[in-house]
Each structure stands twice: as C-alpha cells, then as structure tokens.
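Please work through the exercises below with the sequence and the structure at hand, and try each task before you read its solution.

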Amino acid sequence: QVQLVESGGGLVQPGNSLRLSCAASVSIFSIYAMGWYRQAPGQQRELVAGITIGGSTNYVDSVKGRFTISGDTAKKTLYLQTNRLSPGDTAVYYCNYGNRYDRPLGSWGQGTQVTVSS
C-alpha cells in the first residue's frame, strides 16, 4: 500500500501563496495519475488539480491560473503551488493516485490544512 503524506499548509492572508507537498512512500508517478483534492468544512471532497503520467494537467475552474500541479519523480513528491489564495480556498488538502486522477485508488492521508483569513 502506497503511503501519502501531505504537508505545507498553514494560515495565510488573502493574496498570499503556499506550496503544498505530497510525499509518496514509493515511486508511482510513472505508473499512476495523481490528483490534489480538498475538502472544506461541511462540503464534499473535490478534485482541485490532476496530472497524468504524461504530464498533462487539469484544474477546476475556480483555481485555474492560480494553482499549479507538478511532480518530482526523483523525490517521489507531488506539489501544488497555490497563488493568490482567497478565503474560498480554505480547506484540508489531500493527494491521491489512480489510473485516472479523478478516480482515486489509495487510502486518504491526514491532509494538510490551508486557512486563508485576514
């Protein structure tokens, strides 16, 4: 079972940036697509960004132009660069993998909390 550990969250003011990291216990980027998800209080978990094995990316409309998903195969780490954060981005962020980035296969980790507030 692949272990995923998210980190990099925090409390930031609107307009600021964070880089989230997802460390995998084994190298999976050449095998599976990867995705970043988030879950706000009282909301369902939603896919925020996905990346295919070939490197193609996709984003939910609300983060297009602000968030960037990328991976470092050597470090076995997935990243989500989040810019121009707004209170609407407040959520726990998770990563996962799958044959499609919108069909997660792995167990959910603890996630990393992102809070955007002035």
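**Exercise 1: a sheet and its strands**

In this predicted model, E7 and E8 run antiparallel and are joined by six bridges. Find the residue of E8 that is the bridge partner of Thr-68, and then work out the order of strands in the open sheet.

Solution. Begin with the bridge itself: the partner of Thr-68 in E8 is Gln-81. Next, widen the view to the sheet, in which four strands follow the order E1-E3-E8-E7 with antiparallel pairing. The edges of this sheet are strand E1 (4–7) and strand E7 (67–72), each of which pairs on one side only. Finally, consider the twist: on average, and with direction ignored, neighbouring strands of this sheet are turned by 15 degrees against each other. As background to these steps, strands of a sheet pair through backbone hydrogen bonds, either parallel or antiparallel.

**Exercise 2: the surroundings of Leu-78**

Decide whether Leu-78 is buried or exposed, and find residues with which Leu-78 is in contact beyond its neighbours within four places in sequence.

Solution. First locate the residue: Leu-78 belongs to strand E8, which spans residues 77–82. Its relative accessibility is 1%, and because buried means under 20%, Leu-78 counts as buried. Then look for contacts, leaving aside the neighbours within four places in sequence; among them are Cys-22, Phe-29, Met-34, Trp-36, Ile-51, Ile-69 and Cys-95. As a last step, compare sequence with space: Leu-78 and Tyr-94 are 16 residues apart in sequence, and their C-alpha atoms are 11 Å apart.

**Exercise 3: salt bridges**

Determine how many salt bridges the model contains, and identify the residues that form salt bridges with Arg-38.

Solution. The count comes to five salt bridges. One of them links Glu-46 with Arg-38, where the closest N and O atoms are 2.8 Å apart. Glu-46 is partly exposed, with a relative accessible area of 31%, whereas Arg-38 is buried, at 6%. Another joins the side chains of Asp-89 and Arg-38, at 3.0 Å from N to O. Since Asp-89 lies in the loop between E8 and strand E9 (91–98) and Arg-38 in strand E4 (residues 33–39), this pair ties together parts that are 51 residues apart in sequence. Both Asp-89 and Arg-38 are buried.

For contrast, turn to the salt bridge between the side chains of Asp-61 and Lys-64, at 3.0 Å from N to O. Here Asp-61 is exposed, with a relative accessible area of 62%, and Lys-64 is partly exposed, at 46%. To finish, note that salt bridges sharing partners join Arg-38, Glu-46, Arg-66 and Asp-89 into one network.

Note on methods. Residues are numbered from 1 along each chain as its sequence is written. This is a predicted model: local features need pLDDT of at least 70, side-chain atom pairs count only at pLDDT 80 or more; totals for chains, interfaces and linings use all residues. Side-chain values use heavy atoms; hydrogens and water are left out. Helices (H or I, at least four residues) and strands (E, at least two) are DSSP runs, numbered from the N terminus. Buried means under 20% relative accessible area, exposed over 50%, partly exposed in between (1.4 Å probe, protein chains only). Contact means heavy atoms within 4.5 Å. A salt bridge is a side-chain nitrogen of Lys or Arg within 4 Å of a carboxyl oxygen of Asp or Glu. Two strands pair if DSSP finds at least two bridges between them. Axes are lines fitted to C-alpha atoms, for helices over the stretch in contact, and angles run from 0 to 180 degrees between N-to-C directions.
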